[in-house]
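Trainee: Could you take me through a close look at one part of this model, the largest pocket, and then set it beside the packing around it?

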Amino acid sequence: MTYLSAVLSTPTSTLPFRCRIDSHPSQPNLLFAPPRPKFNTTNIILPSSVAADSAKWRNMVSIFQGFLTGGRGNDVESLKVELYETIEPLERGAEATPEDQQRVDKIARKLEAMNSVKEPLNSDLLNGKWELLYTTSQSILQTQRPKFLRPNGKIYQAINTDTLRAQNIETWPFYNQATANLVPLNSRRVAVKFDFFKIASLIPIKSSGSGRGQLEITYLDEDLRISRGNRGNLFILKMVDPSYRVPL
């Protein structure tokens, strides 16, 4: 079963798409306030000790500002490294214990809280082919089957926001595919309506219209995407080809 079809495998499946308070109420009334005296400060020469202290303070402020602006990015990158290292031995989630799943979910939620792309369905970062690295969906993992009957090869999902098309691609051993139309519900969530399935990449089958659902994109950057399905399943994907186009 493909990634998107797993997302849609429930009766009510769901996919993803954006008074100012016056903080200075006691500002002086400029109409009645007396004029302020003007001073010419252009030619004032500060004592050398004061000037040195002033320069030192400016440097400290500059360093502090750099820490504030760079810290968040560093945190995101370190969390991504931790996420990749955690899921790497889990065979796309098939070998994950409940404790492993909790740990992965915890890291994913930290990244979701720091997501800077607030409207992923309006972002070009979403376009292209993504490889599925990890999921909790048993419909995809098929851990109840013998290992040789599971989808052991790579699984991809492609999305193009300009045409609102999506495609799931399985590799070894089944090579199944599915294409779908996307219907934006908001800037993070989309509804998915499958139109064609392809068995072994050869036999096309038109969808009966029953394949529907929703998916929410909860984190997005240039190389990592996190999504959550209607059953609470977690999907973690990495970008492999931003130029890929889904067939119309």
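Mentor: The largest pocket has a volume of about 360 Å³, where a pocket is an open set of points on a 1 Å grid over the protein atoms alone, points at which a 1.4 Å probe fits, with protein on both sides within 12 Å along at least five of seven lines, and lining residues have an atom within 4 Å of a point. Grid points are joined across faces, edges and corners, and the volume is the space filled by probe spheres set on the points. This is a predicted model, in which local features need pLDDT of at least 70 and side-chain atom pairs count only at pLDDT 80 or more, while totals for chains, interfaces and linings use all residues. Residues are numbered from 1 along each chain as its sequence is written, and side-chain values use heavy atoms, with hydrogens and water left out.

Of the 17 residues that line this pocket, Glu91, Arg92, Leu132, Leu133 and Asn152 are the closest to its centre. Helix H2, strand S1 and helix H4 are the elements that give two or more residues to the lining, helices (H or I) being DSSP runs of at least four residues and strands (E) of at least two, numbered from the N terminus. The largest share, three residues, comes from S1. By character the lining divides into eight nonpolar, two polar and seven charged residues; here Ala, Val, Leu, Ile, Met, Phe, Trp, Tyr, Cys and Pro count as nonpolar, Asp, Glu, Lys and Arg as charged, and the others, Gly among them, as polar.

Turning to the packing, Leu132 is one of the residues that touch the most other members of the largest nonpolar core, which has 21 residues; such a core is a set of buried Ala, Val, Leu, Ile, Met, Phe, Trp, Tyr and Cys residues joined through side-chain atoms within 4.5 Å. The elements that give two or more residues to this core include S1 (128–135), S2 and S4 (177–184). Leu133, by contrast, belongs to a second, separate core of 18 residues, which also includes Leu90, Met114 and Leu224.

On helix H2 (residues 48–87) one finds Glu82, which is partly exposed at a relative accessible area of 29%, the class between buried, under 20%, and exposed, over 50%, with a 1.4 Å probe and protein chains only. Leaving aside neighbours within four places in sequence, Glu82 is in contact with Arg103 and Ile107, contact meaning heavy atoms within 4.5 Å.
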